[in-house]
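Student: I have a model on the screen and want to learn how to read it. Can we go through it feature by feature?

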Amino acid sequence: MNKVAFLTMDVESYYDATCLISKNVTPNRKYSCASQVKRYLDYLDNKNIKATFFVVVSFLPEVKEYLLEAVKRGHEIGLHALTHKVIKNQNIKEFDFDIKKSIQIIKDELGVTPISYRAPCFEIDEQHLKVIHENGLVFDSSLRSSPEGYEKLNDIVYKKDSYYEFIVKTKKVLGKTINFHGGGYARTLPILPLIKKQIRNSDAYIFYFHPFEIYEGKLIDQEGLSQLEKSYLNRGRKNYFNKIKKIIELLVLEGYEFKTFKEFAK
């Protein structure tokens, strides 16, 4: 099997960042960073690369026009959440309702039925995973470690019956758990050499980020945030899109094929 790469975006508002949700900050649509989805789409199309976009449904009013363009251009639309709240705080009945409602809204608004899913903050358990499968979501990318009872297809993809898990793995480096596949570590730390090594030594790679992370303008200062939270929201944004481009260039040089989840399953 050829080396395969999966480029993904968690399509959520700047105000869906966990530290802002916890402070109950009122969203300002002007600073939701929705336009960064279009910016990324244009770059992908220039490279003839298809990606998977995991959508927070409450963000659809701001980002709908860009996601309709993504559908038109052949990208995959997946589900991230109805609202960006951690699943462990929802009972099964509430979660099932949210999943059903989210799928229907995406179908109504974008004309596609999502079959891929990623849980907010990559937190999901077996009970909630069962609910997403019962609702027709066959591809999941919420786990950070290998699932039990699944067949390993490559370094990050596992299959059981008709269900697939696309693992967003972490790695211990100097005592810290580092995420090589996106998130705050990839944006804020100089880890390109480590990413380059991983890409060279793997047969599959997955990458994710959020629209606000490639917004290079000034974001609204929010009251009540710690210095660490402020640093997380702002550090590395100015150069992050260029870093992402370099990661994609490394994948190209190493001979990776770019696939959506659906394309890989076919």
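Student: Where should I place Lys 88, buried or exposed?

Tutor: Take the relative accessible area and compare it with the cut-off. Over 50% means exposed. Lys 88 has 61% relative accessibility, so it counts as exposed. Keep in mind that this is a predicted model.

Student: Which residue does Lys 88 meet in a salt bridge?

Tutor: Look for a carboxyl oxygen within 4 Å of the side-chain nitrogen. Here the partner is Glu 123, with an N to O distance of 3.9 Å. Glu 123 is partly exposed, at 31% relative accessibility.

Student: What parts of the chain does that pair tie together?

Tutor: Find the element that holds each residue. Lys 88 sits in the loop between strand S3 and helix H4 (92–110). Glu 123 sits in the loop between strand S4 (116–117) and helix H5 (126–134). The two are 35 residues apart in sequence, so the salt bridge ties together separate parts.

Student: How many salt bridges are there in the whole structure?

Tutor: A search finds 14. One of them joins Glu 62 and Arg 29, whose closest N and O atoms are 3.9 Å apart. Glu 62 belongs to helix H3 (residues 60–72). Arg 29 lies in the loop between helix H1 (18–21) and helix H2 (35–47). This pair links distant parts of the chain, 33 residues apart.

Student: Are Glu 62 and Arg 29 each buried or exposed?

Tutor: Check each partner separately. Glu 62 counts as buried, at 18% relative accessibility. Arg 29 is exposed, at 57%.

Student: What do the side chains of Arg 73 and Asp 42 form?

Tutor: They meet in a salt bridge, 3.0 Å from N to O. Arg 73 is in the loop between H3 and strand S3 (76–81), while Asp 42 is in helix H2. The separation is 31 residues, and the pair links distant parts of the chain. Asp 42 is partly exposed, with 32% relative accessibility.

Student: Which residues join Arg 73 and Asp 42 in one network?

Tutor: Follow the shared partners from one salt bridge to the next. Lys 38, Asp 45 and Glu 69 belong to the network along with Asp 42 and Arg 73.

Student: Now the cysteines. How many disulfides does the structure hold?

Tutor: Start with the idea. A disulfide is a covalent bond between the sulfur atoms of two cysteines. This structure holds zero.

Student: Why is Cys 19 not bonded to Cys 121?

Tutor: Because the sulfurs are too far apart for a bond. The closest cysteine sulfur to that of Cys 19 is in Cys 121, 10 Å away. From the other side, Cys 121 has Cys 19 as its nearest cysteine sulfur and is in no disulfide. Cys 19 counts as buried, at 11% relative accessibility. Cys 121 counts as partly exposed, at 26%.

Student: How many helices and strands does the protein have?

Tutor: It has ten helices and twelve strands. For the overall fold, compare the radius of gyration with the globule rule. The radius is 17 Å, and the rule gives 18 Å for 266 residues, so the protein is as compact as a globular protein of that length. The C-alpha trace spans about 50 × 45 × 40 Å along its principal axes.

Student: What share of the residues is buried?

Tutor: Of the 266 residues, 51% count as buried. Then turn to the surface. The protein exposes about 12700 Å², with carbon and sulfur atoms supplying 49% of it.

How values were computed
Residues are numbered from 1 along each chain as its sequence is written. This is a predicted model: local features need pLDDT of at least 70, side-chain atom pairs count only at pLDDT 80 or more; totals for chains, interfaces and linings use all residues. Side-chain values use heavy atoms; hydrogens and water are left out. A disulfide is a pair of cysteine sulfur atoms within 2.5 Å. Buried means under 20% relative accessible area, exposed over 50%, partly exposed in between (1.4 Å probe, protein chains only). Helices (H or I, at least four residues) and strands (E, at least two) are DSSP runs, numbered from the N terminus. The radius of gyration is taken over C-alpha atoms; the globule rule is 2.2 Å times the number of residues to the power 0.38. Accessible areas come from the Shrake-Rupley method with a 1.4 Å probe; for residues, only the protein chains shown count as cover.
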